[in-house]
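Here is an informal tour for anyone opening this structure for the first time. Keep the viewer at hand and follow along.

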Amino acid sequence: MPSYRALKVDLSAKFKDSVQKDNFLEFLKTSKTILSSWKENDFKNIIELTIREVLLDLIKNGADSTLLERVFQFSIDAALQDAAAGNVPVLVIGDMFESSTISECEKYFSFVESRVDTFKKDIFFKVCKNHLLRSCNDLLKRLSRSQNTVFCGRILMFLAHIFPLSERSGLNIISEFNLENTTAYSTNEDLFNDLASEKGDVTEEGEISTQNQSSFVVDKNLYQKFWSLQDYFRSPNTCYNKMQWRQFTSCTSDVLTVFGSFKSDDANSSKWKQAKLPSPNGSCVYFAKYLTSPKLLELELSDSHFRRYVLVQFLILFQYLSLPVKFKLESFVLTEEQQNWVKETTKSIYKLLEETPPNGETFANDVQKILQREEYWNAWKNEGCPDFKPLSDKAEVEKKLKKRPFEDIHTYPNKKLSHEVTKIWNTKPNNWEACRSAKRNFVPSLESYFGIASKAEGGQVVQRRDTTDSKYSWKALRLLCMKSPYIFTANTAPAKSVSEYLETIVQKVAKEKPQTHQDNMTVETAVAEDEAMEDTNEDFFPASEEDSKDEMKKENVLTKALIQTISGKLQDNWKTLAVKLGFQDDEIEYYETFPDAKAQTEQMLTVWMERDGTLSTFTKILQTAGLLSGVLSLITS
């Protein structure tokens with residue numbers, strides 16, 4: 001049996017050969033033959049080790065990026081073929097980043113960008129997401145945000161595509177600020193002494209010409225106020241302090257006044273030479289970096305890019321101060337005066353943005369839309385960052401809710417509901433309107449509810465219910481509030497229990513009732529009146545078959561047996577019949593959900609029957625629709 005070292009050398013040679021030929025299946029077949037006696041875990045480990053060693057060897061020898069991409073793709077294929085662990089592709093790309101320069105990493109990163117859908121698969125995402133996040137963060141730490149801005153943006157966009165929106169590793173859940181992002185500026189007075197005199201000096205070779213600049217002079221006061229604003233931008237909560245707020249508003253007013261009076265240069269004709277960086281598509285882009293030298297502030301104020309950065313910082317700060325943020329302290333609230341100042345200053349800033357070339361109005365509108373969208377994200381975070389549901393699920397829910405008012409309760413065989421509930425459900429298409437009907441509002445009389453009966457010699461009260469029953473007591477007190485004057489009278493006697501109090505009030509009510517009405521009243525008649533009042537809503541709902549036997553002849557009922565018999569004859573024309581029976585389009589759409597035409601017809605007729613449908617009425621409708629001849633013999637039999 002060959003040694004481990006010999007096996008590794010042999011597999012590395014086979015793998016290099018397969019990379020050159022771009023044939024991974026050949027390598028996989030060969031490796032299985034060589035390692036046929038190895039256990040599964042050992043086989044996967046040796047394949048992973050071979051891929052990573054060959055990769056490092058190719059990088060060391062300056063191999064072409066095409067070969068490196070093949071190695072990366074082979075690592076993905078090995079995971080898909082269950083020949084290696086699912087995290088091997090991320091380990092491979094991590095090795096590439098760690099052993100390459102930044103410019104080379106920018107090329108290699110396209111390998112990952114082009115395979116976003118691949119890494120979203122379950123076999124990779126679950127085991128690779130932490131490795132991917134770590135590799136990307138390690139790469140970001142090596143990059144300069146001013147020199148490698150485009151590459152930083154590509155990495156962040158990749159992470160945004162690979163992770164779901166609700167992934168908490170990418171969210172600033174508790175709204176923390178990067179307090180370490182300090183801006184250092186000079187406080188040495190000697191630097192400001194000669195600024196005014198230098199303005200008139202002759203420009204030396206290599207210096208920036210200032211002949212066409214205004215007579216504006218940057219003094220120490222303005223310089224320190226301008227750069228001190230960065231402390232408020234990085235830590236907005238300091239603005240809620242009264243002293244800090246006063247200083248912030250003073251600095252802001254002075255800086256905005258300078259912006260309004262100091263002319264800015266167009267970005268295309270700026271006198272300040274811009275260090276332009278090449279972008280991936282060949283165009284040149286420029287990213288400013290804060291240079292806090294007092295000699296440069298005049299040039300920075302005239303630069304449109306720099307001016308926009310500062311003004312947008314103001315807008316972001318104002319939005320944070322005004323919006324409700326879940327993790328703010330309760331004391332972090334602006335007063336009405338402060339809110340008015342923020343609104344007026346915001347208007348001034350948008351006006352300055354519109355006046356700043358190039359395309360000032362377009363830029364100001366874009367910024368306003370972005371900040372409006374940020375309000376939605378802030379509200380989402382305040383709600384605890386709930387998961388987003390696909391639109392298809394929402395549409396499905398709305399579709400079900402739309403159909404529900406016309407569903408027949410009998411379509412739910414697993415739900416055991418009473419006959420009365422079934423009757424209520426199918427009485428009217430709009431159940432909410434049915435519940436609001438005026439016919440269902442009734443209030444029983446005091447005599448019927450309390451069972452008051454009187455003799456000629458005096459009032460007598462017979463309690464037919466238990467006054468200790470909490471439900472009865474609650475209803476009794478509500479009724480007394482509506483119909484009895486005694487419940488609201490002043491009383492200095494000690495408090496009684498509810499049952500004793502009710503008995504006292506009812507005795508008073510009974511004595512004042514007219515004798516003519518109470519002489520013939522008995523307990524039995526009071527009970528009958530109470531039950532009649534509680535059942536007044538029966539007029540609103542149609543009677544069931546059992547309740548209407550005395551009112552409707554049996555032969556005039558469209559029975560379920562008859563419905564099952566005639567459904568087969570009417571199934572071809574059931575939609576025409578549905579229109580004649582008074583069904584709406586959405587009801588017909590609901591019946592179409594049943595499996596076949598016979599079931600659809602049967603369901604439609606069953607619902608119509610429960611809506612007080614009679615056989616005579618049904619016969620007339622069939623005759624009107626021209627369908628009576630086909631089922632006449634079945635109906636009359």
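## A word before we start

In this report, "buried" means that a residue has under 20% relative accessible area, "exposed" means over 50%, and "partly exposed" covers what lies in between. With that in hand, look at helix α4, where Leu67, Leu68, Val71, Phe72, Phe74, Ser75, Ile76, Ala78 and Ala79 are buried. One thing to keep in mind throughout is that this is a predicted model.

## The big picture

The protein has 637 residues, and 38% of them are buried. Its chain forms 31 helices and 4 strands. On the outside, the accessible surface comes to about 38,500 Å², with carbon and sulfur atoms accounting for 51% of that.

How do contacts spread along the sequence? Take the contacts between residues at least 6 apart: 72% of them join residues at least 24 apart.

## Helix α4 up close

Back to α4, which covers residues 65-80. Does its length fit what a helix should have? At 1.5 Å a residue, its 16 residues should span 22 Å, and the end C-alpha atoms are 23 Å apart, so the two agree. Just after α4 comes aspartate 82, with a positive phi of about 60°.

## Two nonpolar cores

In soluble globular proteins, nonpolar side chains tend to be buried together. Here, the largest nonpolar core holds 53 residues, and the members that touch the most others are Phe72, Met96 and Phe158. Phe72 is also among the buried residues of α4.

There is a second core, separate from that one, with 40 residues; among them are Leu222, Cys251, Phe259 and Leu371.

Which residues does phenylalanine 158 touch, leaving aside its neighbours within four places in sequence? Its contacts are Phe109, Val112, Glu113, Val116, Leu132 and Cys136.

## A nonpolar spot on the surface

Some nonpolar side chains sit on the outside too. Leu165, Trp377 and Phe388 make a nonpolar surface patch of about 300 Å². To find leucine 165, go to the loop between α9 (149-162) and α10 (190-193).

## Loops with a twist

That loop between α9 and α10 also holds serine 175. Phi of serine 175 is near 55°, a positive value in a residue other than glycine.

Cysteine 385 is another non-glycine residue with a positive phi, about 55°. You can find cysteine 385 in the loop between α17 and α18 (391-403). Is cysteine 385 buried or exposed? Its relative accessibility is 7%, so it counts as buried.

The loop between α16 (336-355) and α17 (360-382) is worth a stop as well, since proline 358 lies there. The peptide bond leading from proline 357 to proline 358 is cis, with omega near -5°.

## Salt bridges

Side chains of opposite charge can pair when their charged atoms come close. How many salt bridges does the structure hold? The count is 14.

Start with lysine 21 and aspartate 17, whose side chains meet at 3.2 Å, N to O. Both sit in helix α1 (residues 4-21), and because they are 4 residues apart, about one helical turn separates them. Lysine 21 is partly exposed at 49% relative accessibility, and aspartate 17 is partly exposed too, at 34%.

Next comes the salt bridge between glutamate 40 and lysine 44, with the closest N and O atoms 3.6 Å apart. These two are 4 residues apart in helix α3 (residues 40-60), so about one helical turn lies between them. Lysine 44 counts as buried, with 17% relative accessibility.

Lysine 225 and aspartate 254 form a salt bridge as well, and their closest N and O atoms are 2.3 Å apart. This pair links distant parts of the chain: lysine 225 is in helix α12 (residues 220-234), aspartate 254 is in helix α13 (residues 242-261), and their positions lie 29 residues apart in the numbering. Lysine 225 counts as buried at 18% relative accessibility, whereas aspartate 254 is partly exposed at 29%. Finally, Asp17, Lys21 and Glu26 are joined into one network by salt bridges that share partners.

Notes: Residues are numbered from 1 along each chain as its sequence is written. This is a predicted model: local features need pLDDT of at least 70, side-chain atom pairs count only at pLDDT 80 or more; totals for chains, interfaces and linings use all residues. Side-chain values use heavy atoms; hydrogens and water are left out. A nonpolar core is a set of buried Ala, Val, Leu, Ile, Met, Phe, Trp, Tyr and Cys residues joined through side-chain atoms within 4.5 Å. Buried means under 20% relative accessible area, exposed over 50%, partly exposed in between (1.4 Å probe, protein chains only). Contact means heavy atoms within 4.5 Å. Patches are made of residues with over 30% relative accessible area and no salt bridge: like charges are joined within 9 Å, nonpolar side chains (Val, Leu, Ile, Met, Phe, Trp, Tyr) within 5 Å. Accessible areas come from the Shrake-Rupley method with a 1.4 Å probe; for residues, only the protein chains shown count as cover. A salt bridge is a side-chain nitrogen of Lys or Arg within 4 Å of a carboxyl oxygen of Asp or Glu. The expected span of a helix is 1.5 Å times one less than its number of residues.
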